[in-house]
Amino acid sequence: MTPVLRSYTQDTWQDGGGPAKPLLDAATGETVALLPATGPDPAAMLAYARRVGGPALRALTFRRRAAVLKDLAKHLRGHLEEFAELSTRTGATRRDTAVDVDGGIGTLAVYAGKGVRELPDATVLPDGDTEPLGRGGTFAGRHVLGPRLGAAVQINAFNFPVWGMLEKFAPAFLAGMPSVVKPAGQTAYLTELVVRRIIESGILPEGALSLLCAGPAGLLDALTAQDTLGFTGSAATALALRTHPVVAGRSVPFNAEADSLNCSVLGPDVTPDDPEFALFVDQLVTEMTVKAGQKCTAIRRALVPSASADAVADAVMERLRGTVVGHPAGEDVDMGPVVSLAQRDEVRDAVARLSADAKVVFGDPARVDVTGADAERGAFLSPILLRCDDPAAPAPHEVEAFGPVSTLLPYSGLDEAAEIAARGGGSLAGSIVTADDQVARTLITALAPWHGRLLVLNRHDAAESTGHGVAMPQLIHGGPGRAGGGEELGGLRALRPYLRRTAVQAHPGLLADLA
Ligand code: NAP
């Protein structure tokens with residue numbers, strides 16, 4: 001029988017109600033699970049997290065919480081194969097699962113390690129030194145950081161059902177706040193399985209993690225100023241949440257990670273014979289095909305010197321011709337389907353809009369050869385490469401095709417490359433592929449105000465490079481403008497939204513020992 005997803009709160013798995021939506025296997029179209037329209041009362045979920053989870057977490061020191069995260073990461077690693085099997089149904093190949101599932105557990109482990117090594121065995125965190133405020137030395141001031149008293153609510157996108165939850169959960173937990181997770185409907189079954197394994201381990205204190213497998217109705221209305229709201233998804237939803245009367249009216253701390261038209265720039269110094277040329281092509285093809293391009297950090301715009309544009313197009317097309325699209329469990333398959341037939345329609349629609357200003361040079365959005373599956377029952381798409389020779393054309397800088405799609409944009413000089421990059425209106429990740437450090441420095445300076453993260457790739461660092469699209473827990477993930485204007489990860493900086501900073505004025509003896 002097809003499982004109906006349940007929500008977890010108040011120490012119980014709870015049934016939802018209303019008409020259930022079938023969630024279909026991305027490759028076969030079979031029903032994987034049913035998603036109820038409504039779940040438990042979100043106000044009661046938040047109240048329980050605040051009343052039970054918050055105090056339990058605040059009773060632990062930062063280091064103790066880090067030790068709990070360490071146990072949890074170890075426990076989840078023991079279930080990797082089970083998670084990977086279900087992840088296949090979202091359309092993920094084993095390589096894609098490594099980004100979401102292994103990457104999510106790895107992020108948890110990084111936060112555990114950082115917490116154990118870098119945070120004190122205390123429940124509040126001094127922030128900066130004591131500042132003398134009187135001539136006699138009896139009165140001073142110091143900032144302290146302590147956990148907010150609410151719940152850390154996270155609303156996630158469909159493309160990272162595991163990493164999306166764990167990368168927000170880990171810093172919130174470490175800071176001392178309980179999490180309430182609302183996964184995107186389409187892939188909620190994988191999030192639910194991971195939460196099941198977490199809860200049944202008994203590793204977390206009661207109330208530290210709740211799960212809402214249903215629509216979001218009522219969730220935002222129940223927020224208070226002590227809660228936080230972390231969102232990942234489209235720019236349109238981010239805007240709706242940011243301007244929600246409760247979020248805006250109660251000054252609920254809000255972080256958005258939205259869509260992003262990321263670019264990769266090939267330096268003018270690079271010729272087809274240089275190793276950087278192959279590195280650029282390889283990275284672009286990787287970003288187009290990993291998770292079938294459904295990564296917020298994927299390269300949507302490939303900026304290449306005009307003189308090399310034909311050579312780059314030929315090399316990328318050659319690689320794409322060898323890309324095997326098919327059932328994600330297939331050993332020889334390079335790229336699985338996008339997450340759903342509806343998502344495939346959205347990508348086709350976006351390619352049609354891009355085609356107003358750019359020409360499709362590889363792939364047919366309407367058809368693709370597929371191995372091990374039926375091309376029509378599954379949400380399969382060919383990788384699509386477009387080319388736009390008009391730097392003033394708007395579509396490549398406005399339309400996000402959230403699939404295996406990228407546009408080549410020739411540029412005529414570094415100033416123009418920087419201008420084109422900025423036309424994305426703010427991005428999560430950019431890369432610069434060059435062997436010339438002066439080119440790299442010029443582009444870093446020009447691109448930094450528009451980017452959350454910049455990767456410089458060349459023959460010297462390629463072997464260890466973590467890649468354009470991979471958000472590292474040690475570094476900021478987020479970007480200005482269109483990318484949502486938020487920041488996540490970045491090592492222990494990620495704890496900040498969950499900690500309230502207060503200036504305390506007192507005698508210096510007290511301030512020296514506030515923890
Ligand atoms: P989406 O449609 O904006 O949905 C994201 C989440 O918001 C889902 O959980 C959705 O719930 C929920 N939601 C929608 N309307 C809501 C409302 N009025 N109130 C509360 N919650 C609401 O985005 P998506 O299609 O899942 O994800 C794809 C997009 O996410 C892409 O544009 C991609 O670029 C972006 N993304 C960004 C990042 C990043 O880190 N910056 C990472 C991944 C993806 P339902 O599913 O139940 O509708």
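In the predicted model, L72, H75 and L76 of helix α2 meet V194, R197, I198 and S201 of helix α6. Helix α2 spans residues 62-77 and helix α6 spans residues 188-201; their axes come within 10 Å and cross at roughly 125 degrees. An angle over 145 degrees would count as roughly antiparallel, and one of 65 to 115 degrees as roughly perpendicular; α2 and α6 are therefore oblique to each other. The crossing of α2 and α6 is right-handed.

A second helix pair is formed by α4 (residues 94-118) and α5 (residues 163-175), which pack at an angle of about 10 degrees with their axes 8 Å apart. Since angles under 35 degrees count as roughly parallel, α4 and α5 are therefore roughly parallel to each other. The handedness of the crossing of α4 and α5 is right-handed. On the α4 side, the contact is made by V99, D100, G103, G104, I105, T107, L108, Y111 and G115. On the α5 side, W163, G164, L166, E167, F169, A170, P171 and L174 take part.

A third pair comprises helix α12 (residues 414-422) and helix α13 (residues 437-447), whose axes come within 10 Å and cross at roughly 35 degrees. The crossing in which α12 passes α13 is right-handed. Helix α12 contributes L414, A418 and A421 to this contact, while α13 contributes V439, T442, L443, A446 and L447.

Aromatic rings were examined next. A pair of aromatic rings is described by the distance of the centres and the angle of the planes. With ring centres required to lie within 6.5 Å, the count comes to four aromatic pairs. One of them is the pair of Y8 and W13, with 5.0 Å centre to centre and 50 degrees between the planes. This pair is tilted, because planes under 30 degrees apart count as stacked and planes over 60 as edge-to-face. Both Y8 and W13 are buried.

The ring of W13 also has a charged group over it: the charged end of R196 sits 4.1 Å from the ring centre. A further arrangement of this kind involves R65 and F62, where the charged end of R65 sits over the ring of F62 at 4.8 Å from its centre.

F62 is also among the residues in contact with L119. L119 is found in the loop between α4 and β5 (125-132). With a relative accessible area of 5%, L119 is buried. Leaving aside neighbours within four places in sequence, L119 is in contact with F62, R63, K114, L125, L174, L492 and L495. Of these contacts, L174 also belongs to the α5 side of the α4 and α5 contact. The C-alpha atoms of L119 and A66 are 8.8 Å apart, and the two residues are 53 residues apart in sequence.

V252 occupies the loop between α8 (245-249) and β11 (254-257). V252 is buried, at 5% relative accessible area. Its contacts, apart from neighbours within four places in sequence, are L223, T224, D227, T228, L229, V246 and V247. V252 and A188 lie 64 residues apart along the chain, and a distance of 25 Å separates their C-alpha atoms.

G363 is placed in the loop between β14 (359-362) and β15 (384-387). The relative accessibility of G363 is 29%, and G363 counts as partly exposed. Apart from neighbours within four places in sequence, G363 is in contact with S382, P383 and I384. The C-alpha atoms of G363 and R321 are separated by 8.9 Å, with their positions 42 residues apart along the chain.

Backbone torsions were considered last. Most residues other than glycine have a negative phi. D11 has a positive phi, near 65 degrees, and is a residue other than glycine. D11 is located in the loop between β1 (7-9) and β2 (12-14). The relative accessible area of D11 is 46%, and D11 is partly exposed. A292, likewise not a glycine, has a positive phi of about 45 degrees. The position of A292 is in the loop between α9 (275-289) and β13 (299-305). A292 counts as buried, at 1% relative accessibility.

How values were computed. Residues are numbered from 1 along each chain as its sequence is written. This is a predicted model: local features need pLDDT of at least 70, side-chain atom pairs count only at pLDDT 80 or more; totals for chains, interfaces and linings use all residues. Side-chain values use heavy atoms; hydrogens and water are left out. Rings of Phe, Tyr and Trp (its six-membered ring) pair if their centres lie within 6.5 Å; planes under 30 degrees apart count as stacked, over 60 as edge-to-face and the rest as tilted. Buried means under 20% relative accessible area, exposed over 50%, partly exposed in between (1.4 Å probe, protein chains only). A charge sits over a ring if NZ of Lys or CZ of Arg is within 6 Å of the ring centre and within 35 degrees of the ring normal. Axes are lines fitted to C-alpha atoms, for helices over the stretch in contact, and angles run from 0 to 180 degrees between N-to-C directions. Helices (H or I, at least four residues) and strands (E, at least two) are DSSP runs, numbered from the N terminus. A crossing is left-handed if the near helix is turned anticlockwise from the far one by less than a right angle, and right-handed if clockwise. Contact means heavy atoms within 4.5 Å.
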